[in-house]
Amino acid sequence: MAGEAQDDCLFCKIVAGQIPATIVRQTATTVAFRDINPKAPVHVLVIPKAHYPDAASLAEGAPELAADVLRETQAVAEEEKLESYRTVFNTGAGAGQTVFHAHAHVLGGRGLQWPPG
Ligand code: 5GP
Ligand code: ZN
């Protein structure tokens, strides 16, 4: 069923505390933790606790939860004192998605080029 934890999902395991992560914020519906392979001085992932494979399926299946994730990206940016930052949702392997549990990357702390590679 949509939203249910998946046994083979890395981020569901982080939500369940089965895999450690450096958690920076948590709400009733979301977790924010530092990316293990940071691409910027600040690189935090914001995920819904419920499992949706990507941003679009999250928005479709649980729009209020998608809003929670977006709200948390701003909360992370404020906590990390980022004046500007980039929020990224990679969707599909061709765009670099490697973990198929919806997540927002919050990147900041350095200049960011546009367009991204
Ligand atoms: P994607 O490539 O799917 O957009 O983003 C997945 C992100 O998860 C990558 O930036 C990757 O570095 C990060 N990641 C993968 N495995 C782990 C892990 O075990 N712990 C943490 N904190 N981040 C991870
Ligand atoms: Zn998951």
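Cys 9 and His 51 are both buried, where buried means under 20% relative accessible area, exposed over 50%, and partly exposed anything in between, using a 1.4 Å probe on protein chains only. Keep in mind that this is a predicted model, in which local features need pLDDT of at least 70, side-chain atom pairs count only at pLDDT 80 or more, and totals for chains, interfaces and linings use all residues. As for bookkeeping, residues are numbered from 1 along each chain as its sequence is written, chains are lettered from A and ligands numbered from 1 in the order in which they are written, and side-chain values use heavy atoms, leaving out hydrogens and water.

So what do Cys 9 and His 51 have to do with the zinc ion (ligand 2)? Both are protein donors to the zinc ion (ligand 2), together with Cys 12 and His 101. The cysteines offer their SG atoms and the histidines their ND1 atoms, at 2.1 to 2.3 Å from the metal. A donor here is an N, O or S atom within 2.8 Å of the metal (3.2 Å for Na, K and Ca), and since water is not among the atoms, sites may look incomplete. The angles among the four donor atoms run from 107 to 115 degrees, and the site is tetrahedral. For that label, four donors need all their angles between 85 and 135 degrees; square planar (four donors) and octahedral (six) ask for opposite donors over 155 degrees apart and all others between 65 and 115, and anything else is irregular. For reference, the ideal angle for four tetrahedral donors is 109.5 degrees.

Along the chain, the donors of the zinc ion (ligand 2) follow the spacing C-x2-C-x38-H-x49-H. Cys 9 and His 51 link distant parts of the chain, 42 residues apart: Cys 9 sits in the segment before α1 (10–16), and His 51 in the loop between β3 (42–48) and α2 (55–61). Helices (H or I, at least four residues) and strands (E, at least two) are DSSP runs, numbered from the N terminus. The two cysteines are tucked away: Cys 9 counts as buried at 6% relative accessibility, and Cys 12 is buried too, at 7%. There are zero disulfides in the structure, a disulfide being a pair of cysteine sulfur atoms within 2.5 Å.

Now for the sheet. Five strands make an open sheet in the order β1-β2-β3-β5-β4, with antiparallel pairing. Two strands pair if DSSP finds at least two bridges between them. At the edges you'll find β1 (23–26) and β4 (85–88), each with a single partner strand, so one side of each has no neighbour in the sheet. On average, neighbouring strands are turned by 20 degrees against each other, direction ignored. Such angles run from 0 to 180 degrees between N-to-C directions, with axes as lines fitted to C-alpha atoms, for helices over the stretch in contact.

Let's walk across it. β1 and β2 form a hairpin with three residues between them, and three bridges join the two strands. Within that pair, Ile 23 stands opposite Phe 33 in β2, while Gln 26 has Val 31 as its bridge partner. Four of the five residues of β2 are buried, so this strand is largely enclosed by the rest of the structure. Five bridges then join β2 to β3, with Val 31 partnered by Ile 47. Next door, β3 pairs with β5 (residues 104–108), also antiparallel, over five bridges. In β5, Ala 104 is the bridge partner of Val 46. Helix α3 (residues 63–79) packs on this sheet, touching β1, β2 (30–34), β3, β4 and β5, and its direction makes about 155 degrees with that of β3.

Leu 107 lies in β5 and is buried, at 13% relative accessibility. Beyond its neighbours within four places in sequence, its contacts (heavy atoms within 4.5 Å) include Val 42, His 43, Tyr 85 and Val 88.

A few spots remain. In the loop between α3 and β4 lies Lys 81, whose phi is near 60 degrees, a positive value in a residue other than glycine. Lys 81 is exposed, with a relative accessible area of 71%. Glu 83 is in the loop between α3 and β4, and at 84% it is exposed. Finally, in the segment after β5 comes Pro 115, and the peptide bond leading to it from Trp 114 is cis, with omega near 0 degrees.
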